[in-house]
Amino acid sequence: MLKQDFNRQEPKRRIVGDRKQNVADAAFKDASYPHRLNFYTHAPTADITLEEFEKWAIDRLRVLSELEACSFRNKSPDETAAHMKPLLEKYLPLSPNSSSSTKLSEQRRKDHYSHFILRLAFSSTDDLRRRFARVETMLFRLRFDADTERSAFVSSLDIDWFEPVSDEEQAELRDDLQAIAGFDKRTGAVEETWYKVDWMRVPDLVESRKVLLRGGKAYVPSREQASMIITEFTSRLEKQLVLTSQAIPDLDEDDRLVPILDHLSKNFVTPDSSYMSGSTVPEGAEISARNIDNLSQHFPACMSHLHRSLRRDAHLKHYGRLQYTLFLKGIGLNLEECLIFWRSGFSKITDDTFNKEYRYNVRHCYGDVGGDSNRRGGGYSPYSCQKILTEHAPGPGEAHGCPYRHFDMDNLTTLLQGMGVTDRSVIQGVKEDRDGRRYHMACNRVFEHLHKPEIKKAKDEFVMTAAQLETIVHPNEYFKRSYLLKNLGKHRGGDADVKMEE
């Protein structure tokens, strides 16, 4: 995971922001943020720490991934806005000028830098550039629609491809404009301010017949101004991404940044997510070796497959043991119980063989043995979805990895049916997610199907907030959320039954 890979770096070591304007034009510009909205025209040039570089990028990627998830789930604009509001406040807040927030500049600085960091990470291929431009446009649209101070931002833009329609021309086209905007019944005047643009600039408005077409020009009412601004945002970003891609080779000289960017861009599947063992234990859960079989009903597909393979073969190869041990550690299984679990699981070998060949590795995962840094940090953290997806692909006879990525569809279907997924439409949806390389969406689709009544109850009774329903990006979060949903109301004590930790 990213944090582990860079623990060797000194936390306060500073790195220089990209000194090339759009990574191509070397002009400098002092960063100032008069508006919440940003076209990200000028690359940042100030210094930031390596820790900020990594954290800001991951926070933004969380937001973009969740926006993409809303799109895949066909959420309406209103539903998306409601779902994203607490996530934006948590990971990428932007206060308006009218607020009394003392963090306004800091918030906008993080937004500015995180955009350019991800621009570097996602400019290497056509596919990544398209997807990045699409989700960044979604984020800009969401903010634009909600910004009550956007008129000042629009006035500040240097856009020369649309012009206001004069009163004379508006009067000349009065009858044609009436069908689109209507008239003020008192004065007989058209109620809109109109802009004239080349029709190819606003294809979405042309397609939906929200503009008047004359002589290759589209006459756009002011209420559709957002579409023009958003089109301009997308157009500029797409061009800038191409320029950035041409400068990527220049980054090879900095061995601190390239690994981070590589982690961020690999498959663009989901942001990495660190997980602290001990913070994942659901209240009331019996986390013991003897109860793992029962708890496995709450496991995601990757861990369910590992558990089934262990029970079937009484053995797992190295990476499977490592992935599963760290997961069990993350759900709250202590070292003593974990050793009991693995010893009973490896039922075909002797105590002597187990102690010689396997016991040390389990203890090492918990930080009980090994190097000083390992012991100080309490061992290794459970693997995130990102790490499982991108590192150590399984070979013959191995059971680790992500079934949504590494299984063929027949084997994946068999596994899902064993987990209780029999709905053909869900299986088809998983197949489409898999084919589109949206592996985390396939996993969340299965989760939502298996917990459909509980999720509805949690929403109806206001047990879960929108932020707590964000896309799952970690196997241990899958387990915790599943256990809590399936046990709603069973472990009451104070607010324990209604507060689900994030």
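This is a guided tour of one protein chain, with a suggestion at each stop for what to select and a note on what is there.

**The whole chain**

Keep everything in view for a moment, and bear in mind that this is a predicted model. The protein has 502 residues, and buried ones make up 52% of them. Its secondary structure comes to 25 helices and six strands. The exposed area is about 24600 Å², with carbon and sulfur atoms supplying 47% of it. Among contacts with a separation of 6 or more, 71% are between residues 24 or more positions apart.

**The four-stranded sheet**

Now select residues 162-164, which are strand S3, then add 194-198 for S4, 212-214 for S5 and 217-221 for S6. Together you have an open sheet with the order S3-S4-S6-S5 and antiparallel pairing. S3 and S5 are the edge strands, each pairing on one side only. Look along the sheet and you can follow its turn: on average, neighbouring strands are turned by 30 degrees against each other, direction ignored.

Start walking across from S3. Three bridges join S3 to S4 in the antiparallel sense. Show Phe162 and you will find its bridge partner in S4, Val197; Pro164 is partnered with Tyr195 of S4.

Next, bring up residues 225-247, helix H10. This helix packs on the sheet and touches S3, S4 and S6, and its direction makes about 35 degrees with that of S4.

Step on to the S4 and S6 pair, which run antiparallel and are joined by five bridges. Trp194 has Pro221 of S6 as its bridge partner, while Lys196 stands opposite Tyr219 of S6. How enclosed are these two strands? In S4, four of the five residues are buried, so the strand is largely enclosed by the rest of the structure. S6 is largely enclosed too, because four of its five residues are buried.

The last step across takes you to S5, which pairs with S6 through three antiparallel bridges. Here Leu213 stands opposite Ala218 of S6. Zoom in on the hairpin of S5 and S6, where two residues lie between the strands: Gly215 takes a positive phi near 55 degrees.

**A nonpolar patch beside the sheet strands**

Switch on a surface and select Trp199, Met200 and Leu213. These residues form a nonpolar surface patch with about 330 Å² of accessible area together. You have already met Leu213, opposite Ala218. Trp199 is in the loop between S4 and helix H9 (203-207), and its 40% relative accessibility makes it partly exposed.

**Two residues with positive phi**

Select Arg209 and follow the loop between H9 and S5. Arg209 is not a glycine, yet its phi is positive, near 55 degrees. Its relative accessibility is 75%, so Arg209 counts as exposed.

Then jump to Ala314, in the loop between helix H13 (301-313) and helix H14 (318-331). Ala314 also has a positive phi without being a glycine, at about 55 degrees. Is Ala314 buried or exposed? With a relative accessible area of 9%, Ala314 is buried.

**Salt bridges**

Side chains of opposite charge can pair when their charged atoms come close. The structure holds 30 salt bridges, and three of them make good stops.

- Select Arg36 and Asp147: their closest N and O atoms are 3.8 Å apart. Arg36 is in the loop between strand S1 (14-16) and strand S2 (47-49), and Asp147 is in the loop between helix H5 (126-146) and helix H6 (150-156), so the pair ties together parts 111 residues apart in sequence. Arg36 is partly exposed at 21%, whereas Asp147 is buried at 5%.
- Select Asp126 and Arg129, whose side chains meet in a salt bridge of 2.2 Å, N to O. Both are in helix H5, and because they are three residues apart, about one helical turn separates them. Asp126 is partly exposed at 47%, and Arg129 is buried at 15%.
- Select Lys356 and Asp352, with closest N and O atoms 3.2 Å apart. Both lie in helix H16 (residues 351-357), four residues apart, about one turn of the helix. Lys356 counts as exposed at 64%, and Asp352 as partly exposed at 44%.

For a final selection, show Arg60, Asp111, Glu136 and Arg143: salt bridges with shared partners join them into one network.

Notes: Residues are numbered from 1 along each chain as its sequence is written. This is a predicted model: local features need pLDDT of at least 70, side-chain atom pairs count only at pLDDT 80 or more; totals for chains, interfaces and linings use all residues. Side-chain values use heavy atoms; hydrogens and water are left out. Buried means under 20% relative accessible area, exposed over 50%, partly exposed in between (1.4 Å probe, protein chains only). Two strands pair if DSSP finds at least two bridges between them. Patches are made of residues with over 30% relative accessible area and no salt bridge: like charges are joined within 9 Å, nonpolar side chains (Val, Leu, Ile, Met, Phe, Trp, Tyr) within 5 Å. Accessible areas come from the Shrake-Rupley method with a 1.4 Å probe; for residues, only the protein chains shown count as cover. A salt bridge is a side-chain nitrogen of Lys or Arg within 4 Å of a carboxyl oxygen of Asp or Glu. Axes are lines fitted to C-alpha atoms, for helices over the stretch in contact, and angles run from 0 to 180 degrees between N-to-C directions. Contact means heavy atoms within 4.5 Å.
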